[in-house]
Amino acid sequence: MEAPFSKVLIANRGEVAVRIARTAKALGIKTVAVYSDADSNALHALVADEAYRIGGPEPAESYLNIEAIVQIAKLSGSEAVHPGYGFLSQRADFVERLEEEGLVFIGPSAHIQKLVGDKLGARRFFHKIGVPVVPGTLNPVDRRDAPSTAEELGYPVIVKPVGGGGGIGMKIVWSEKELLEAINAAIQLSEKTFGRLEIYLEKYLPKARHIEVQIIGDKKGTVYHLYERECSVQRRFQKVIEEAPSPALNAELRKKLLKLALEAAKACNYENAGTFEFLYDPTTQEFYLLEINSRLQVEHPVTEMVTGIDIVREQILIAAGENPTFRQDEVSIRGHAIEARVYAEDPLAYFAPSAGQLTDYREPSGPYVRVDSGYYTGANVPIYYDALIMKVVCWGLTRDEARRRLITALEETIVEGVKTNIAFVHLLLNDPTFAKGDYNTRIVEERGIVEKLKEYSYNRLRLSTPSSHRELVTTARVDAWKLASRLFP
Ligand code: ADP
């Protein structure tokens, strides 16, 4: 098979950049990495066929620096750019800038980025075509009208910045007393982070589960689904553990959800990979569209594990104008997959990011264990970016088999030199509520996971190798990487 592109630039860092390079290489595509000054020895820069410095450590100087990335794409002779997630992955101006230079953006078009990037605009669009959105306002709310609007919706409500993302500025409000304070805080944070002042209100659904559908659209207007993922294990509105399929759905509910997602995707002529996120209210068995993520998502591997479809491959093929490799009636789910995100952070210090050199590092392995990581022994976890070190994803014929396999994998994982959340996710996976699959987005709070963590210790693998020998092993590995870094420009 001829490669869909000769060369692709990966405009990202960390595990996702490494993961994209792997698929690109498997398709016979040459890969180009870009790195900031904080990442000159980062794994993603070492595994690519070519690597170029883009700028200083601050994201604005490097991974968000559109002009520098465009220049390197041209200089290196790249034909296309994969943005990964975060950074420039959902920026319509980036898509348009690449197009101006005759470069292909591997992801949805600028038109889709604009539609779904505006949270309220998207709510209006999907509401109009009859896809249920989470009950709430379809326009920005000002301080004056907020109390009566919240009263109408009924407390609790959730205040959201229009320009939002990453849970930033979102606040659950249980009574009018807290409302204005929450709105002021949201506006302040939103202005600082997103440069926008508007906020809106949604009814807060305390028992909701976060269930999302993986969508793939080709360039001819056909949309496909790769089933759902459940991502209700969250902390401060951020996902921690994800799984596929969702333990909340029976065949009938699943059919209803997939139909809704396909309708929504079709209505906006969705192209390339994307995720249609829903809140599911088990008390009413209703689904509400929450938002659309017009990019590859962190948790995409659980879908890959149960469907056998490489989502990055499909993204690349579709961007090159080719057909997806599957037909809808060929897509089925086999078994169950669960992913745990391992972060460099301190759960006992309000999850503060923990930067530093990884003095010891060992990834788990074994049957049906997949690790996506951007690090190695001796590598540095910079303070400038997301603190995700690795994703450990396990498959099992049953959910419980996948869960136990993941628990074992985490026990075999060694990350030294920075604080991590491994004990936190280990505790969650062992929690009886999670084990039963009967949980919602409040599980971390309701099960008191952070409090229990203070008393929690688990049997982590201890390598009994004499320390002198262990040092030798470590040094040898670091040297190999250093050598590798000299071989690449
Ligand atoms: P962001 O775009 O900042 O990530 P989202 O709107 O996608 O924010 O919401 C993130 C998470 O916050 C959801 O997965 C869910 O757990 C929670 N959430 C958001 N809106 C609601 C709501 N109306 N009711 C209950 N939970 C919500």
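Select strand β1 (residues 7–10) and strand β2 together: the two run parallel and are joined by 4 bridges. Strands here are DSSP runs of E with at least two residues, helices are runs of H or I with at least four residues, and both are numbered from the N terminus. Two strands are said to pair if DSSP finds at least two bridges between them. The model is predicted, so local features need pLDDT of at least 70 and side-chain atom pairs count only at pLDDT 80 or more, while totals for chains, interfaces and linings use all residues. Residues are numbered from 1 along each chain as its sequence is written, and side-chain values use heavy atoms, with hydrogens and water left out.

**The parallel sheet**

Within the first pair, display I10 and then A33, its bridge partner in β2. Next, trace the chain from β1 through helix α1 (residues 14–26) to β2; this β-α-β crossover is right-handed. The term means that, with the strands pointing away from the viewer, the path from the first strand over the helix to the second runs clockwise.

Keep β2 (residues 30–36) selected and colour by accessibility: 6 of its 7 residues are buried. Buried means under 20% relative accessible area, exposed means over 50%, and partly exposed lies in between, with a 1.4 Å probe and protein chains only.

Add strand β3 (residues 50–55), which runs parallel to β2 and is joined to it by 5 bridges. Here V32 has E50 of β3 as its bridge partner. Return to β1 and add strand β4 (residues 80–82); these two pair in the parallel sense over 3 bridges. L9 has V81 as its bridge partner in β4.

Now show the whole open sheet of 5 strands, whose order is β3-β2-β1-β4-β5 with parallel pairing. Because β3 and β5 each have a single partner strand, they stand at the edges, and one side of each is left without a neighbour in the sheet.

On β5 (residues 104–105), select V104. This residue is partly exposed, at a relative accessible area of 26%. A distance drawn between the C-alpha atoms of V104 and A26 gives 19 Å, for residues 78 apart along the chain.

**The ligand site**

Centre the view on the ligand and select its shell, where a residue is near if one of its heavy atoms lies within 4 Å. The shell holds 20 residues, of which G167, K203, H210, Q234 and E291 are the closest. Which strands each supply at least two residues of this shell? They are β6 (157–161), β8 (199–203), β12 (272–281) and β13 (286–293). By class, the shell divides into 8 nonpolar, 6 polar and 6 charged residues. In this scheme Ala, Val, Leu, Ile, Met, Phe, Trp, Tyr, Cys and Pro count as nonpolar, Asp, Glu, Lys and Arg as charged, and the others, Gly among them, as polar.

Then display three side chains in turn. A polar side-chain atom of K160 is 2.8 Å from a ligand oxygen atom. A polar side-chain atom of E202 is 3.0 Å from a ligand nitrogen atom. For H210, an N or O atom of the side chain is 2.7 Å from an oxygen atom of the ligand. The protein buries 95% of the 550 Å² that the ligand exposes when taken alone.

**Backbone stops**

Go to Y155 and P156, joined by a cis peptide bond with omega of about 0°. P156 sits in the loop between α7 (146–153) and β6. A cis peptide bond with omega of about -5° joins A244 and P245, and P245 is in the loop between β11 (238–244) and α9 (251–267).

Between β10 (223–235) and β11, select R236 in the loop. R236 is not a glycine, yet its phi is positive, about 45°. Is R236 buried or exposed? At 54% relative accessibility, R236 counts as exposed.

In the loop between β15 (345–346) and β16 (352–353), select Y350. Its phi is near 55°, again a positive value in a residue other than glycine, and Y350 is exposed at 72% relative accessible area.

**Last stop: β19**

Finally, select strand β19 (residues 369–373), where 5 of 5 residues are buried. V369, V371 and S373 point one way from β19, and R370 and D372 the other way. Add strand β21 (residues 388–396), which pairs with β19 in the antiparallel sense over 5 bridges. The bridge partner of R370 in β21 is V393.

How values were computed:
Polar contact = N/O pair within 3.5 Å; in protein donor to acceptor, adjacent residues only side chain to side chain. Areas by Shrake-Rupley, 256 points an atom, 1.4 Å probe, with all protein chains shown as cover.
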